[in-house]
Amino acid sequence: MSLKPSIAGARSTTLLYSLSAFALVSLITLGIFASNGWLPKTDPNTGKKTGWFGKELLGGSASVLATSVPLPSPTIPLSKEYIYAGSRLLAVEDSNATAVPPADLAVWRPSTGTWYVLGGQATQNVTFNWGMPGDKPVPADFDGDGRTDFSIYRPDTGYWWIWRSSDSTFYGVNFGEPCYQRGCDYPVPADFDGDGRSDNAVWRPSDATWYVIPSSTGTAYSAQWGTSADVPFPGDFDGDGRADFAVWRNSEAKFLSVDSSNSVNTRLVSVGLPNDKPALGDYDGDGKTDHAVWRPSTGTWYIRKSSTLDTIQISWGQAGDFVIQNDYDGDSVCDVAVWRPPTNAEVKEYGVWWIKHSSGIPDRIVGWGLFNDIPVPAFYRR
C-alpha cells in the first residue's frame with residue numbers, strides 16, 4: 001500500500017492551519033492599529049489626512065482650526081429670505097412658510113483673526129482662522145446659500161477676503177480706498193439688488209458717497225447720500241427686498257434714507273437722542289426695517305414699528321454693552337440683545353450675551369467671547 005496520499009493530506013492540513021493562524025494574527029493586528037489610529041485615513045470632518053501610525057500628510061485642509069467642523073446638515077426647506085446689512089437682520093419675506101434656525105452666537109478675535117461660533121442644536125463649536133489684526137469682520141451671505149460667509153475687510157488695502165460657505169473656497173475683491181488716501185471707507189455689505197446675495201459695498205465719508213458692486217451684474221455704481229459726519233446704516237425700509245441707502249445723523253438723532261423701490265422717496269425719521277446707538281431691525285415681522293436706537297445711559301431701546309408707526313420702549317442692557325440685535329429664536333422677528341464684554345483682560349472671563357426673545361420663550365443668558373472680542377452673530381449654519 002502506498003503512503004503518498006497520507007503524506008499529501010498531512011501537508012494540506014498543516015498549510016490550512018498555518019493560513020488560519022496568519023489570518024487570525026492579521027485581524028488582531030489590524031484591530032490594534034485601528035483602535036490606536038495608526039491606519040492611514042482622512043478625517044471626514046476636517047479633511048485632514050494621516051498616514052501610518054498617525055503621521056500627518058500634506059494636502060489636508062489647514063485653513064479651518066476647529067475642534068470639530070460639522071458635516072453639512074440636510075437641506076432645510078427655506079421659506080424666508082433674510083436681507084442683510086452686515087450681519088443684521090433687516091427684513092423677511094414669505095412669512096407664512098416654515099421657520100428657519102436662529103442666528104448663531106459668534107465672536108471675532110482681532111488679535112488673532114479667529115472666528116469662534118457657538119454650536120447650536122445638534123452642532124458643535126467651530127473655530128475658524130480668517131483675518132488678521134487691523135481687519136474688520138463683515139459677515140454676510142455673498143454666495144446666496146442661506147448661510148453667512150466668514151469675511152473680512154482690510155482697511156489698509158481696501159481689499160475684501162471672503163470664504164464661501166457653499167464650497168469652502170475663498171476669493172478677494174479690491175473695492176474700497178486704503179485709509180492713507182482720504183480716510184477709511186466704511187464697509188457696508190448688504191443685498192442692494194434683491195438677488196438673495198450680499199453685495200460688496202462701501203460708504204466714503206470724504207464725499208458721502210456709496211459705492212456698490214451688485215452681485216447680479218458685477219458692474220459697480222455710486223450714489224451720494226449723507227454728509228461726512230453721518231454714519232451709514234443700510235436697511236430695507238420700503239419692504240421691496242432690497243437694502244436702501246441710509247445714514248444716522250447723530251447731531252440731530254435722525255435716520256435719513258432713500259427708498260430703493262423708486263430712488264426718489266426719502267425718509268427722515270427722528271428716534272431717540274444724540275449719542276444713542278442705532279439698532280435697526282425688523283422687530284414686528286412685517287418685512288420692513290424698523291428705526292430703532294439703544295440708549296447706553298439707561299439701557300433703554302426705542303423702537304419705531306413700521307407696521308403701526310408707534311414707538312415702544314424696552315429696558316434691556318446697561319452702559320458698556322454692545323447692541324447685537326438679531327433673530328435668535330427663529331421666529332422671523334428681530335430680538336433685542338446686548339453683549340456685555342469682560343472688564344478685565346488679565347482674568348479669563350467670558351463676555352455675556354443677554355437675549356430677550358420676541359417669541360416669548362425664556363430669555364437667554366450665555367457666556368461666549370473674551371476681552372476685546374467683537375460679537376458677530378449671524379446665520380452661519382442653516
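**Strand pairing, core packing and ring contacts in a predicted model**

In strand 7, Val126 is the bridge partner of Val117. This contact belongs to the pairing of strand 6 with strand 7 (residues 126-129), which is antiparallel and extends over four bridges. The model described here is a predicted one, and the values given below are computed from it. On the preceding side in sequence, strand 5 (residues 106-109) and strand 6 (residues 114-117) likewise run antiparallel and are joined by four bridges, with Arg109 standing opposite Thr114 of strand 6. The hairpin formed by strand 5 and strand 6 has four residues between the strands, and within this hairpin Gly113 adopts a positive phi near 70°.

For the chain as a whole, the secondary structure amounts to two helices and 28 strands. Of its 382 residues, 43% are buried, and among the contacts with a separation of 6 or more, 40% are made by residues that lie 24 or more positions apart.

A further set of strands forms an open sheet of four members in the order 20-21-22-23, in which the pairing is antiparallel. Its edges are strand 20 (277-278) and strand 23 (311-315), each of which pairs on one side only. Strand 20 is joined to strand 21 (residues 291-295) by two bridges, the two strands running antiparallel, and Lys277 stands opposite Trp294 of strand 21. At the other edge, five bridges connect strand 22 (residues 300-304) with strand 23 in the antiparallel sense, and here Trp301 faces Ile314 of strand 23 as the residue opposite. Six residues lie between the strands in the hairpin of strand 22 and strand 23, where Leu309 takes a positive phi near 65°.

The packing of the interior was considered next. In soluble globular proteins, nonpolar side chains tend to be buried together. The largest nonpolar core of the model comprises 14 residues, of which Phe192, Trp203, Trp210, Trp225, Phe245 and Val247 touch the most other members. Two or more residues of this core are contributed by each of strand 13 (200-204), strand 14 (209-213), strand 17 (245-249) and strand 18 (254-258). When residues up to four places away in sequence are not counted, Phe245 touches Phe192, Trp210, Val212, Tyr221, Ala223, Trp225, Leu256, Ser257 and Val258.

Aromatic side chains were examined as pairs and as a cluster. A pair of aromatic rings is described by the distance of the centres and the angle of the planes. The structure holds 19 aromatic pairs. One of these pairs, Phe142 with Trp160, is edge-to-face, with 6.3 Å from centre to centre and 75° between the planes. The pair links distant parts of the chain, given that Phe142 is located in the loop between strand 8 (136-137) and strand 9 (150-154), whereas Trp160 belongs to strand 10 (residues 159-163), 18 residues apart. Phe142 and Trp160 are both buried. A tilted arrangement is found for Trp210 and Phe245, whose ring centres are 4.8 Å apart and whose planes enclose an angle of 35°. Because Trp210 lies in strand 14 and Phe245 in strand 17, this pair ties together parts that are 35 residues apart in sequence. Trp210 and Phe245 are also both buried.

Elsewhere, Trp108, Trp115, Phe128, Trp130, Phe150, Trp163, Phe170 and Tyr380 form one aromatic cluster. A charged group is also found in contact with an aromatic face, as Arg204 lies over the face of Tyr211 at 4.2 Å from the ring centre.

The cysteines complete the description. A disulfide is a covalent bond between the sulfur atoms of two cysteines. The structure holds one disulfide, formed by Cys179 and Cys184 with their sulfur atoms 1.8 Å apart. The link of Cys179 and Cys184 is right-handed, with 120° about the S-S bond. As for exposure, Cys179 has a relative accessible area of 19% and is therefore buried, the limit for this class being under 20%. Cys184, at 37% relative accessibility, counts as partly exposed. Cys334 is buried as well, with a relative accessible area of 3%.

Methods. Residues numbered from 1 in each chain as written. Predicted model: local features only at pLDDT ≥ 70, side-chain atom pairs only at ≥ 80, totals over all residues. Heavy atoms only, no water. Pairing = 2+ DSSP bridges. Core = buried A, V, L, I, M, F, W, Y, C linked by side-chain atoms within 4.5 Å. Buried < 20%, exposed > 50% of the residue type's maximum accessible area, 1.4 Å probe, protein only. Contact = heavy atoms within 4.5 Å. Phe/Tyr/Trp six-rings, centres within 6.5 Å; stacked < 30°, edge-to-face > 60°. Lys NZ or Arg CZ within 6 Å of the ring centre and 35° of its normal. Disulfide = S-S within 2.5 Å.
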